[in-house]
Amino acid sequence: MLELITQTFNASVIAVTQLFLSTVMTANPWFDGLELHYQSAQKEITCNTKLADSFTETLDDVLLSGKNITLHFKFELFKPGDATPLQYKEIVNGFRFDEEADIYYLVNSEDKKLEKFFTIEAAKDSYITVRNLVVVNTADLPADQEYFIRVTAYLDPIKLADMSESVNLMLRWASVKPTIVSEKFRVNPRAT
């Protein structure tokens with residue numbers, strides 16, 4: 001009798017787990033291009049990029065929770081063949097919905113300027129986009145060396161109301177950090 005109860009319990013746990021996993025929609029986000037621009041007068045490289053296919057219904061529900069949802073963009077400059085980056089920069093975009101005011105707020109760690117949006121579409125578009133961000137200082141980089149930039153994005157876990165554990169938002173992205181790698185370039189006006 002105990003064996004039958006144990007088998008029934010195990011079957012029930014498996015069924016509930018499968019049901020839960022099937023209801024969590026995941027996306028497979030990717031970077032829709034990577035534009036690098038060499039600014040010779042300022043001795044820097046700026047970047048434009050944007051995530052694509054990054055939202056699902058369940059992630060939208062989290063964005064509407066009123067919690068601060070943080071998205072990291074990590075930029076690394078490498079010499080081909082080296083595993084350690086020569087330069088590293090990370091920015092964090094914060095997204096928060098104020099249900100009472102019906103306003104979407106965004107702030108990024110680079111300029112710390114609070115932006116307001118009145119539609120979720122406009123807020124999400126800004127949230128997943130990097131525009132004219134200085135990612136590399138070229139002052140001390142030899143012009144005859146080749147380089148490339150790797151960009152990675154990821155979401156921080158959050159703690160929702162009535163939950164004892166944090167929610168891993170990367171599960172909404174199939175636990176994959178979207179990554180893009182630039183073509184090799186040299187630091188000169190024709191480089192990027």
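**Figure 1. The lining of the largest pocket divides into 7 nonpolar, 6 polar and 5 charged residues.** The model is predicted. The volume of the largest pocket is about 320 Å³. Its lining has 18 residues, and those closest to the pocket centre are Asn108, Asp111, Glu115, Thr129 and Arg131. Four elements each supply two or more lining residues: β4 (87–98), β5 (103–108), α3 (120–127) and β7. Which element gives the most to this lining? β7 does, with 6 residues. The strand β7 spans residues 129–137, and its pairing is shown in a later view.

**Figure 2. The largest cavity is lined by ten named residues, among them Phe55, Leu71 and Trp173.** How many cavities of 30 Å³ or more are there? The count is 1. The largest cavity has a volume of about 40 Å³. Its lining holds Ser54, Phe55, Leu59, Leu63, Ile69, Leu71, Tyr127, Ile128, Leu155 and Trp173. Two or more of these residues come from α2 (57–63), and two or more from β3 (69–78). By class, the cavity lining has 9 nonpolar residues, 1 polar residue and no charged residue. The background to such views is simple. A probe the size of a water molecule, rolled over the atoms, reveals where empty space remains.

**Figure 3. The strands β1, β2 and β7 form an open sheet.** The order is β1-β2-β7, with antiparallel pairing. β1 and β7 are the edge strands; each has a single partner, so one side of each lacks a neighbour in the sheet. On average, neighbouring strands of this sheet are turned by 25° against each other, direction ignored. The pairing of β1 with β2 is antiparallel and covers 8 bridges. The pairing of β2 with β7 is also antiparallel and covers 6 bridges. When following side chains along such strands, one rule helps. In a regular strand they alternate between the two faces of the sheet.

**Figure 4. Opposed residues mark the register of the two strand pairs.** In the pair of β1 and β2, histidine 37 stands opposite threonine 46 of β2. In the pair of β2 and β7, which residue of β7 stands opposite cysteine 47? The residue is leucine 133.

**Figure 5. The helix α3 lies across β2 and β7.** α3 runs at about 15° to β7. Both α3 and β7 also appear in Figure 1, as elements that give two or more residues to the lining of the largest pocket.

**Figure 6. A hairpin turn joins β1 and β2, with 4 residues between the strands.** The loop containing lysine 43 runs between β1 (30–39) and β2 (44–52). The phi of lysine 43 is near 55°, positive although the residue is not glycine. Is lysine 43 buried or exposed? Lysine 43 counts as partly exposed because its relative accessibility is 43%, between the 20% and 50% limits for buried and exposed.

**Figure 7. Asparagine 132 is a second site to check for positive phi.** Phi of asparagine 132 is about 50°, again in a residue other than glycine. Where is asparagine 132 found? Asparagine 132 belongs to strand β7 (residues 129–137). Its relative accessible area is 56%, so asparagine 132 is exposed; the cut-off is over 50%.

**Figure 8. Lysine 74 touches residues far along the chain, among them Arg150, Val151 and Thr152.** Lysine 74 sits in strand β3. Leaving out residues up to four places away in sequence, the contacts of lysine 74 are Tyr88, Lys89, Glu90, Arg150, Val151 and Thr152. Lysine 74 and alanine 153 are separated by 79 residues in sequence, yet their C-alpha atoms are 6.3 Å apart. For the chain, among contacts between residues at least 6 apart in sequence, 63% join residues at least 24 apart.

**Figure 9. The chain has 3 helices and 10 strands.** This view places the close-ups in context. From the N terminus on, the order of elements is α-β-β-α-β-β-β-β-α-β-β-β-β. The chain has 192 residues, and 40% of them count as buried.

Conventions. Residues are numbered from 1 along each chain as its sequence is written. This is a predicted model: local features need pLDDT of at least 70, side-chain atom pairs count only at pLDDT 80 or more; totals for chains, interfaces and linings use all residues. Side-chain values use heavy atoms; hydrogens and water are left out. Buried means under 20% relative accessible area, exposed over 50%, partly exposed in between (1.4 Å probe, protein chains only). On a 1 Å grid over the protein atoms alone, a cavity is a set of points where a 1.4 Å probe fits but cannot get out, and a pocket is an open set with protein on both sides within 12 Å along at least five of seven lines; lining residues have an atom within 4 Å of a point. Grid points are joined across faces, edges and corners, and a volume is the space filled by probe spheres set on the points. Ala, Val, Leu, Ile, Met, Phe, Trp, Tyr, Cys and Pro count as nonpolar, Asp, Glu, Lys and Arg as charged, and the others, Gly among them, as polar. Two strands pair if DSSP finds at least two bridges between them. Axes are lines fitted to C-alpha atoms, for helices over the stretch in contact, and angles run from 0 to 180 degrees between N-to-C directions. Contact means heavy atoms within 4.5 Å.
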